[in-house]
Amino acid sequence: MTVLNFIDAMNRLQSYTAQQCKRIPALLHAYERHRNPEYMHQLRVAIKKLRAVVRYMRTYDGKPLKKFAHHLRDFFRQAGALREIEIQMEWLQQNGGTALVAVLQYQKTIDAHIAGLQPLIPHFIDAVKDYSPALLRLCHQQHPAALQAYAAALKNELLQQAQHAQPNGWHELRKLIKQLLYAWHWLDADGQAALLTQQQYTYFDQLQEYIGNWHDALLRTAWLGDTQLYLHTSAAVRQAFAVCWQHNRQQVQAAEKKVRQQLRRIPHLFKSLR
């Protein structure tokens, strides 16, 4: 590997990390101003990407980033609780459950979550700003060979798990897929090509999306049941609940079928498994 390639590989990881550190405060401010659910979604994606870098760095030198990892985890969970309610409300509105949104008072719940989140935002932004210099220095110290070895180990672990994955392990499999896809972006062009072909990258991206859809539908089954709106005094609410329940049941089945079909494609895409 040439010196230029070595510098480029380091800059990829640094640039990737710096981009997330920059996006997080911007997306938080945008969400505060506009309350657009898309900003909250993009914020959580940026935090996930930054957590992936920190997760790798803690295998390299965990002590300097331990507190930052906790900051990221805690705020991610807080934002996730809000995002989950937004997703529930959006799904109900798209699946014949507008009457349920009013009964469940989702907007009040969202407002309450935002009110609880707002005092945490300045502290979280400060944490990102305070820890980003140390994180970027650690990124600068990473040799491309170490990043390549880390990504290759993730791929091997993923392929082994995917061959025998059962539904109770699909969610953890998805986390491993996402960590691999994040790590792919830390590599130079040669490293990316050596790790995954474009077809393989697309395959894994689709698989994690299918698993995510399936997992979301399972969670909907739980929270729909917990509402107990099938017992509501209003016939219109009970009818809307029945429509939503049937839609979700169909979505669970369709999503599970897609995951199983996608998993069966693995031996065709990876010669080492044939």
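Reader: Why is Cys139 called buried or exposed here, whichever it is?

Author: In this predicted model, Cys139 has a relative accessibility of 1%. Buried means under 20%, so Cys139 counts as buried.

Reader: And what makes Cys21 count as buried or exposed?

Author: The relative accessible area of Cys21 is 10%. That value is set against the cut-off of under 20%, so Cys21 is buried.

Reader: How do you know that Cys21 is in no disulfide?

Author: Happy to go through that one. The nearest cysteine sulfur to that of Cys21 belongs to Cys139, and it is 8.2 Å away. A disulfide needs two cysteine sulfur atoms within 2.5 Å, so Cys21 is in no disulfide. Cys139 gives the matching result, with the sulfur of Cys21 as its nearest at 8.2 Å. By this rule the protein has zero disulfides.

Reader: Let's turn to the helices. What makes Gln200 count as buried or exposed, and where is Gln200 found?

Author: Gln200 is found in helix α10. With 9% relative accessibility against a limit of under 20%, Gln200 counts as buried.

Reader: Which residues does Gln200 touch, not counting those up to four places away in sequence?

Author: Gln200 touches Lys155, Leu195, Leu269 and Phe270. They are called contacts because heavy atoms lie within 4.5 Å.

Reader: How do you know whether Asn248 is buried or exposed?

Author: Asn248, which is found in helix α11, has 1% relative accessibility. The cut-off is under 20%, so Asn248 counts as buried.

Reader: Which residues is Asn248 in contact with, leaving aside neighbours within four places in sequence?

Author: They are Trp91, Ala217, Arg220, Thr221 and Leu224. Each has heavy atoms within 4.5 Å of Asn248, so each counts as a contact.

Reader: Two of those names make me think of the pockets. Which residues are closest to the centre of the second largest pocket?

Author: Trp91, Asn213, Asp216, Arg220 and Gln251 are the closest, out of 14 residues in the lining. This pocket has a volume of about 310 Å³. At least two lining residues come from each of α3, α10 and α11 (235-263).

Reader: What makes up the lining of the second largest pocket by class?

Author: There are six nonpolar, three polar and five charged residues. Trp91 counts as nonpolar, Asn213 and Gln251 as polar, and Asp216 and Arg220 as charged.

Reader: What about the largest pocket: how many residues line it, and which lie nearest its centre?

Author: The lining has 42 residues, with Arg44, Lys48, Phe76, Arg174 and Lys178 nearest the centre. Two or more residues come from each of α1 (3-34), α2 (37-61), α3 (66-94), α7 (144-163), α8 (167-184) and α10 (198-227). Of these, α2 gives the most, with 10 residues. The space in this pocket is about 1,400 Å³.

Reader: How many residues of each class are in that lining?

Author: The classes come to 13 nonpolar, 12 polar and 17 charged residues. Arg and Lys count as charged and Phe as nonpolar, so Arg44, Lys48, Arg174 and Lys178 are charged and Phe76 is nonpolar.

Reader: Finally, the whole protein. How many helices and strands are there, and what share of residues is buried?

Author: The secondary structure comes to 12 helices and zero strands. Of the 274 residues, 43% are buried, each being under 20% relative accessible area. The C-alpha trace spans about 70 × 50 × 25 Å along its principal axes.

Technical notes:
Residues numbered from 1 in each chain as written. Predicted model: local features only at pLDDT ≥ 70, side-chain atom pairs only at ≥ 80, totals over all residues. Heavy atoms only, no water. 1 Å grid on protein atoms, 1.4 Å probe; cavity = no way out; pocket = protein on both sides within 12 Å on 5 of 7 lines; lining within 4 Å. Points joined across faces, edges and corners; volume = space filled by probe spheres on them. Helix = DSSP H or I, 4+ residues; strand = E, 2+ residues; numbered from the N terminus. Buried < 20%, exposed > 50% of the residue type's maximum accessible area, 1.4 Å probe, protein only.
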